[in-house]
Amino acid sequence: MSPRRSPGSARLHAAALTVIALASAGCQREADEAPPPVRIVRTITVDKPREAADINFTGHIEAQDQASLSFRIGGRLAERSVAVGATIREGEVVARLDPENELNDLRSARAALTAAQGLLRKADNQLQRQSHLLQRNVTTQADFEAAEQGRTAAQAQVDAAQARVNSAEDVVGFTTLKADAPGVVTRIGAEPGEVVAAGRTIVQLARREGRDAVFEVPAAMMRALPADARVYVALTGDPGTTVKGRVREVSPQADPVTRTFRVRVGLSEPPQSYRLGTTVTGTIRGSESAAIAIPSTALVRRAQDTGAWVVDPKNLTVSLRKLDVLSADPATALIGKGLALGDVIVTAGASLLQEGQHVRLTGTETR
């Protein structure tokens, strides 16, 4: 038999176990709350932005807004009153269809309306007679209610006939094609005498509000093209005439044949010599699109953002800074915004860092 333990020794044994357990828990918390280790990283110091080379490409002038005017119904084209190059005003008649069939439908609808109105007058007279007879107790309530129903049905027929007349008048109006805004005719889609379907382009109209310079840009140039680049556009035959423009639209998909991207540059107040179709040259000056070049290994991606670890030279801690990356290849990334001259950024070991972590530098280089 084991010796019996006294109550005092049992209490001391329990207290010792409690102290040991608390000490173990404290050690565990200290181990869990231990700061991240000091990482050895390689860094560079951000130097002045690198001036890019000028980018040149050739294109032509197009209207900023173009519209294809077409009829809402099909028919035989009876008249086209404009030609290519014509300047038209808002509301001016551009073309007409042969309206004979539509006019016949309108005449039929109006005749049906006249007949329905005659039945309505007859139903009104019948209702009035039944009302007078009912007041003198000469007719029955059932006959009076039948007259009321007849009058209601006649009114419905008139309403339906009037709607058909309105619709027929609209269709007749569709046989005349008018310009909805001033502009210049750039293309003709049909000649008088042709039978055209609804929606077929009759006249293509270039609005007069603005002009675009349109360029076919290779994919290699697209990577170096800033999103809001300022483009200097000049006539190919007269380089001295230059206007400024901004990239307004970039095609999201390359042309399947040429493998180039269409870029539209909105021009600010182009002179009259910038006619539609004129060949122009666009230039993006490298001095205006300078960017900071850093190694691509410095880039860190967090969700939808891209940034780099910037080292605090006093505390030797890192913080993630969001960057505006203009372009990047396996070796070099061009940064538009986010870095300043003298910033120290991590170029090796960036994927292992945490916000506020202490680091040790293996070397500081100037790039």
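This report walks through the main pieces of a predicted protein model, from the overall numbers down to a handful of single residues.

**The big picture**

Let's start with the whole chain. The protein has 367 residues, and 34% of them are buried. Its secondary structure comes to 4 helices and 23 strands. If you look at contacts with a separation of 6 or more, 74% of them link residues 24 or more positions apart. The accessible surface adds up to about 22200 Å², and carbon and sulfur atoms account for 51% of that.

**The barrel**

Six of the strands deserve an early look. A closed barrel of 6 strands runs in the order β2-β11-β14-β13-β12-β15, and the pairing is antiparallel. From one strand to the next, the twist averages 40°.

Within the barrel, try picking out β11 (residues 211-218) and β14 (residues 260-267), which run antiparallel and are joined by 7 bridges. One of the facing pairs is Glu216 with its bridge partner in β14, Arg262.

Now for a residue in β11: Asp212. Is Asp212 buried or exposed? Asp212 is buried, because its relative accessible area is 0%, and the cut-off for buried is under 20%. Its side chain joins that of Arg264 through a polar contact of 3.1 Å. Setting aside residues up to four places away in sequence, Asp212 also touches others, including His60, Ile61, Glu62, Arg248 and Val265.

**The open sheet**

There's also an open sheet, made of 4 strands in the order β3-β10-β8-β5, again with antiparallel pairing. Which strands stand at the edges? They are β3 (66-70) and β5 (87-88); each has a single partner strand, so one side of each is left without a neighbour in the sheet. For β5, the pairing with β8 (residues 183-188) is antiparallel and covers 2 bridges. Here Thr87 stands opposite Val184 in β8.

**A long helix and what covers it**

Next up is helix α3, which covers residues 141-173. With 33 residues, α3 spans 49 Å from its first C-alpha to its last, close to the 48 Å expected at 1.5 Å a residue. Several of its residues are buried, among them Phe144, Ala147, Ala154, Val158 and Val165. What covers the buried residues of α3 includes helix α2 (100-135) and strand β7 (176-178).

You can follow α2 towards α3 by finding Gln130, which sits in α2. At 10% relative accessibility, Gln130 counts as buried. Its side chain makes a polar contact of 2.9 Å with the side chain of Thr139. Beyond residues up to four places away in sequence, Gln130 touches Thr139, Asp143, Phe144 and Ala147. Phe144 and Ala147 turn up again among the buried residues of α3.

Between α2 and α3 there is a loop, and Asn137 lies in it. Asn137 is exposed, with a relative accessible area of 69%. Its phi is near 60°, a positive value in a residue other than glycine.

**Around strand β18**

Further along the chain, Val311 lies in strand β18 (residues 305-312). Val311 is buried, since its relative accessible area is 5%. Where does the chain come back to meet it? The C-alpha atoms of Val311 and Thr43 are 8.5 Å apart, although the two are 268 residues apart along the chain. Leaving aside neighbours within four places in sequence, Val311 is in contact with Thr43, Leu316, Thr317, Val318, Val344, Val346, Val359 and Leu361.

After β18 comes a loop leading to β19 (317-322), and Pro313 is found there. Pro313 is exposed at 65% relative accessible area. Its C-alpha is 9.2 Å from that of Asp343, which is 30 residues away along the chain. Leu316 is in the loop between β18 and β19 too. For Leu316, phi is near 55°, another positive value in a residue other than glycine.

Here are the loop residues side by side.

| Residue | Relative accessible area | Class |
|---|---|---|
| Asn137 | 69% | exposed |
| Pro313 | 65% | exposed |
| Leu316 | 32% | partly exposed |

How values were computed. Residues are numbered from 1 along each chain as its sequence is written. This is a predicted model: local features need pLDDT of at least 70, side-chain atom pairs count only at pLDDT 80 or more; totals for chains, interfaces and linings use all residues. Side-chain values use heavy atoms; hydrogens and water are left out. Two strands pair if DSSP finds at least two bridges between them. Buried means under 20% relative accessible area, exposed over 50%, partly exposed in between (1.4 Å probe, protein chains only). Contact means heavy atoms within 4.5 Å. Accessible areas come from the Shrake-Rupley method with a 1.4 Å probe; for residues, only the protein chains shown count as cover. The expected span of a helix is 1.5 Å times one less than its number of residues. Axes are lines fitted to C-alpha atoms, for helices over the stretch in contact, and angles run from 0 to 180 degrees between N-to-C directions. A polar contact is a pair of N or O atoms within 3.5 Å; within protein, one must be able to donate a hydrogen and the other to accept it, and residues adjacent in sequence count only if both atoms are side-chain atoms.
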